[in-house]
Amino acid sequence: MQTRTLGSLPVPAQGLGCMGMSEFYGTADQAEAERTIARALDLGVTFLDTADMYGPFTNERLVGQAIAGRRDEVVLATKFGNERGEDGGFLGINGRPEYVHRACDASLQRLGVDVIDLYYQHRVDTTVPVEDTWGALRELVEAGKIRYAGISEAAPDTIRRAHAVQPVTAVQTEYSLWTRDPEDDGVLATCAELGIGFVAYSPIGRGFLSGQIRSIDDLDRRDFRRHNPRFQGEAFAQNLALVDRAREIADEKGVTASQLALAWVMAQSDRGGNPAVVPIPGTKRVSYLEENAAATEIALSDEDLARIDAAAPAGAAVGNRYPDMSSVHR
């Protein structure tokens, strides 16, 4: 597995998003999830991404159990800030320093580890100066509870303010063939300027770019994507046309649509002044993990990239990324 460096943190060129193993994407299967994580480590996909809110809380426990005995192989990332209760209710975005410390201690316990490699602020709390939140993260680094700090879905000015308090190792934001906002909103440029790595979540467009979702009825009734604007009505039809254009290129290259989407994201790393870019596709099945990992071997020429850019240009996707966009890019 090739490697990239986020700030000064070496990671594999592709990671694994663990969220869907516990919630949001229909029925969970813990045994299969644990097999998937074990297989990921065998393949060198050792950059694992979770968060306290996934489950809530159960995903961290799952990851902790799955890596027990193999901790030294793993670059472990988790997040705080989207506060939920034990009943799953959403309590709000919390960036208060005392909460940061409390959340970190709880995550360490659930994960069964002594230190978190990369600890993200999951969402920006606009009621708390980001300097206060990042002062707490600096204290966690000094205490040896976390090694590096990151931030998710933050605007360039927020990234700069956080970085001035404690170095930002990675910015995590949605990025894919149908979400190219970081190219235009200054996030990628800010990361490159400051020496910050970029972690792309949902690099297969929440599975849509796989081409396997042809109707809303292909999704489990408990699947949160049913409420995503990009999966609704006219937007669904137009976005499917984008997927089919990209899939034609994938077919010509003898790869799957998912692999092409992942190869495109990985090809953006250090391209045209970009920072290091590392996708973390999520899956809860070994077969999809193996398919995704194989994408690291796909080489895209300049001609390939130009064709893909023409098939899925920036702004081509229809619909917002979330039903409520108020908590992103602050």
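**Notes on a predicted model**

1. Start with the largest cavity. Its lining is made by Leu-177, Leu-209, Val-243, Ala-246, Arg-247, Ala-257, Leu-260 and Ala-261. Two elements, α8 (233–253) and α9, each give two or more residues to this lining. The model you are looking at is predicted, so please read every point below as a statement about a predicted structure.

2. How much space does the largest cavity hold? Its volume is about 40 Å³. The count of cavities of 30 Å³ or more comes to one. The lining of the largest cavity splits into seven nonpolar residues, no polar ones and one charged. Rolling a probe the size of a water molecule over the atoms shows where empty space is left.

3. Stay with helix α9, which spans residues 257–267. This helix is mostly covered, with ten of its eleven residues buried. The buried residues are Ala-257, Ser-258, Gln-259, Leu-260, Ala-261, Leu-262, Ala-263, Trp-264, Val-265 and Met-266. Look back at the cavity: Ala-257, Leu-260 and Ala-261 are among its lining residues. An α-helix has 3.6 residues a turn, so residues three or four places apart point the same way.

4. Next, the second largest pocket. Its volume is about 190 Å³. Asp-52, Phe-57, Glu-83, Arg-84, Glu-86, Tyr-99, Arg-102, Ala-103, Ala-106 and Arg-110 form the lining. Which element gives the most to this lining? Helix α3 does, with five residues. Both β6 (82–84) and α3 (97–111) supply at least two residues each. By type, the pocket lining has four nonpolar residues, no polar ones and six charged.

5. Now the sheet. It is open, has eight strands and pairs in the parallel sense. In what order do the strands lie? The order is β3-β4-β5-β8-β9-β10-β11-β12. The edges are β3 (16–17) and β12 (277–279). Each edge strand has a single partner, so one side of each is left without a neighbour in the sheet.

6. Strand β8 covers residues 116–121 and runs parallel to β9, with five bridges joining the two. Within this pairing, Gln-121 has Ile-151 of β9 as its bridge partner. Between these strands, the chain passes through helix α4 (residues 130–142). This β-α-β crossover is right-handed.

7. Strand β9 (residues 146–152) is joined to β10 (residues 168–174) by four bridges, and the two run parallel. Two residue pairs show the match. Ser-152 has Gln-172 of β10 as its bridge partner, and Ile-151 has Val-171 of β10. The chain goes from β9 to β10 by way of helix α5 (residues 156–165), again in a right-handed β-α-β crossover. Is β9 enclosed or open? Five of its seven residues are buried, so β9 is largely enclosed by the rest of the structure.

8. Strand β11 (residues 197–201) deserves a look. Five of its five residues are buried. In a regular strand the side chains alternate between the two faces of the sheet. Which residues of β11 lie on each side? Gly-197, Val-199 and Tyr-201 are on one side, with Phe-198 and Ala-200 on the other. Both faces are covered.

9. What does β11 pair with? On the β10 side, the pairing is parallel over five bridges. There, Val-171 stands opposite Phe-198 of β11. Three bridges join β11 to β12, also in parallel. In that pairing, Ala-200 stands opposite Pro-279 of β12.

10. Take a single residue, Ile-67, in helix α2 (residues 58–67). Why is Ile-67 called buried? Its relative accessible area is 2%, and buried means under 20%. Leaving aside neighbours within four places in sequence, Ile-67 is in contact with Ile-37, Leu-48, Val-74, Leu-76 and Val-113. One of these deserves a closer check: Ile-37 is 30 residues from Ile-67 along the chain, yet their C-alpha atoms are separated by 7.7 Å.

11. Last, Asp-181, which is found in helix α6 (residues 181–184). Buried, exposed or in between? Asp-181 is partly exposed, with a relative accessible area of 34%. Asp-181 and Gly-315 are 134 residues apart in sequence. In space, their C-alpha atoms are 7.9 Å apart.

Note on methods:
Residues numbered from 1 in each chain as written. Predicted model: local features only at pLDDT ≥ 70, side-chain atom pairs only at ≥ 80, totals over all residues. Heavy atoms only, no water. Buried < 20%, exposed > 50% of the residue type's maximum accessible area, 1.4 Å probe, protein only. Contact = heavy atoms within 4.5 Å. 1 Å grid on protein atoms, 1.4 Å probe; cavity = no way out; pocket = protein on both sides within 12 Å on 5 of 7 lines; lining within 4 Å. Points joined across faces, edges and corners; volume = space filled by probe spheres on them. Nonpolar A, V, L, I, M, F, W, Y, C, P; charged D, E, K, R; others polar. Pairing = 2+ DSSP bridges. Right-handed = clockwise from strand over helix to strand, strands pointing away.
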